[in-house]
Each structure stands twice: as structure tokens, then as C-alpha cells.
Amino acid sequence: MKVTALSDDNSQRAQAALRCLRTAGQTVLPSLLLCDFGNLEREVRRLEEAGVLGLHLDVMDGHFVPNLTYGMPVVAALRKLTPLPLDVHLMISNPSRYVSQFVDAGADVLTIHAEVDEPLDVTLETIRSEGLGAGLAINPSTSIKVVKELLPLCDLVLIMSVNAGFGGQSFNPVALEKLRLMKDAVSPGTLLEVDGGINLSTIRGCRQAGANMFVVGSALFSQANYQAALQQLNNELQR
Ligand code: DX5
Ligand code: ZN
């Protein structure tokens, strides 16, 4: 009984988060990969005060990508700290094994990679059946064909503008062409996200190509003043 109630709460919160992201227009999402994990609560407060509309959480398993970051306990800790939408980017080999644990941890959107060796449709359907937003990500060298076939199962499409695995890489312009093609392919409610090397020089081109969610790691966390850095990025989006 308790499990059902918790699951309903998660589903309602996740659906509200999706509505929030859909109506927000252009959204800059901080990737917490480079934040100060020794002061996580302070980092969250600084980001909330800066006016962010959601948090992007990069989960890496040291297998699908060479890097290893964090998992469910950190997502759960963030869930306790903030009502902001949690956009969880799973760079892990077997995402289907962990969906229910990320649901329990409080994720709102769960994005899996198209390059994993699993039936993508089944995992996307499972994520949706839990009431969360289902996302599908592709690396720069992966064709958008695979995403197009699965679009009816996706609430979010993530076009990677670097190879998944590390923060601080340079933007790969191949993402722009993919964003343009995806913009024409997705239905109006589908979120179109870009991730990797987004900064003051690259964000505007991504907006013009059709993205509406912009993940920013190093360009934000290298700055002392998150509010000013976010404002500058938003100014670029609106220019
Ligand atoms: C890369 C991650 C990104 C990354 C963004 O695999 O998915 O979210 O941390 O960081 P920057 O903005 O530094 O490229
Ligand atoms: Zn990411």
C-alpha cells in the first residue's frame, strides 16, 4: 500500500515537472557533474537562487562510458533538497535494471542512450509506465534514424554535442544538423535537449537549430556567480 502511494506521488510530481519544462520555453539546465559535492545543499540553494528551472544529473557507470560518477543515493539526496525537476541522464549499460530504483530516488525524467545493447522500446515504455518522462539520447556518431523510429515513446530527445562521458569537452557542430532534423520530426510537446560544450558561444546556435533545453556544466560551474552566468546564457538565448 505504501509503495503504491509513493509511486503515485512520484508520478504526479514527474508529470508536473514535465509540464513545467514544456511550458518554460528555453531552459538552461545545470549539469551537476562539476559542482562542489562536499557542499551539495549549498550548491542547490545557489542554483535555486540563480533561477534555474531544473537540474541535469549525469549518471555514469564506468562501463557504457569510461567515467564513473554517482547513482541513486545522490539523486535521492537531491530530491530531498529541492522540488526542482530532476532530469537524469543515464550513461549506463543496462538502464532497464535500474529504472524502478531511479523512480524511487525521485527522478522526473529518465533518459537512456540509444547505443545501449537493450531493447530501447521496452525500457522507454517502462519509464513511462512509472509516470516519468522518457528520454532517448544519441551520441554524435549515432544516426537520428534510431530516435525517429522511437519518437512515439519519447517525451524528450537528447542530442549529444560531445561524446557522452566527460564534462569540459568542445562542442561538436554535428549536433546542429541533428537538432534541425529532429525539430521537424518531433511533436510539439516533445522536449529537445542538447548537452555538451554549451556556453556563451554555442548556445544561441543550438536554439536556432531547435533545441529548447540546454545542459550547461563547465560554463556555469567555472563561474563564481551562478546567477550572473545564468543570466548571460539566457541573454544569449533571447538575443
Ligand atoms: C557529458 C555530460 C554532460 C556534461 C556537460 O557526458 O552528459 O552533461 O557534464 O558538461 P559541459 O557543459 O562541461 O560539456
Ligand atoms: Zn548529461
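These are my notes on ligand 1 and the two largest pockets of this structure.

**Entry 1: the model.** I am working with a predicted model here.

**Entry 2: where the ligand sits.** I started with the ligand and asked which pocket holds ligand 1. Ligand 1 turns out to sit in the largest pocket. I then looked up its neighbours and got 20 residues around ligand 1, with Gly 165, Gly 168, Asp 195, Gly 217 and Ser 218 as the closest.

**Entry 3: polar contacts.** Next I went through oxygen atoms of the ligand. I found a polar side-chain atom of Ser 218 at 2.5 Å from an oxygen atom of ligand 1. Gly 197 comes in through its backbone, with an N or O atom 2.8 Å from an oxygen atom of ligand 1. For Ser 31 I noted a side-chain N or O atom 3.1 Å from an oxygen atom of the ligand. I also checked how far the ligand is covered: of the 380 Å² of accessible area that ligand 1 has on its own, the protein covers 99%.

**Entry 4: the shell.** Which strands supply at least two residues each to the shell around ligand 1? I get β2 (55-60), β3 (86-91) and β8 (213-216). The largest share comes from β2, which gives 3 residues. Sorted by class, the shell has 10 polar, 8 nonpolar and 2 charged residues.

**Entry 5: the largest pocket.** Back to the pocket that holds ligand 1. I have its volume down as about 260 Å³. It is lined by 26 residues, and those closest to its centre are Phe 166, Gly 167, Asp 195, Gly 196 and Gly 197. Asp 195 is thus on my list of residues closest to ligand 1 and also on the one for the pocket centre. The elements giving two or more residues to this lining are β2, β3, β8 and α9 (218-221). By class I count 12 nonpolar, 12 polar and 2 charged residues in the lining.

**Entry 6: the second largest pocket.** How much space lies in the second largest pocket? I wrote down about 170 Å³. Its lining includes Val 59, Met 60 and Asp 61, then Tyr 70, Gly 71 and Met 72. Further along the chain I listed Ile 92, Ser 93, Asn 94, Arg 97, Tyr 98 and Phe 102 as lining residues too. The class split for this lining is 7 nonpolar, 3 polar and 2 charged.

How values were computed: Residues are numbered from 1 along each chain as its sequence is written. Chains are lettered from A and ligands numbered from 1 in the order in which they are written. This is a predicted model: local features need pLDDT of at least 70, side-chain atom pairs count only at pLDDT 80 or more; totals for chains, interfaces and linings use all residues. Side-chain values use heavy atoms; hydrogens and water are left out. A residue is near a molecule or strand if one of its heavy atoms lies within 4 Å of it. A polar contact is a pair of N or O atoms within 3.5 Å; within protein, one must be able to donate a hydrogen and the other to accept it, and residues adjacent in sequence count only if both atoms are side-chain atoms. Accessible areas come from the Shrake-Rupley method with a 1.4 Å probe; for residues, only the protein chains shown count as cover. On a 1 Å grid over the protein atoms alone, a cavity is a set of points where a 1.4 Å probe fits but cannot get out, and a pocket is an open set with protein on both sides within 12 Å along at least five of seven lines; lining residues have an atom within 4 Å of a point. A molecule sits in a cavity or pocket if more than half of its atoms lie within 2 Å of its grid points. Helices (H or I, at least four residues) and strands (E, at least two) are DSSP runs, numbered from the N terminus. Ala, Val, Leu, Ile, Met, Phe, Trp, Tyr, Cys and Pro count as nonpolar, Asp, Glu, Lys and Arg as charged, and the others, Gly among them, as polar. Grid points are joined across faces, edges and corners, and a volume is the space filled by probe spheres set on the points.
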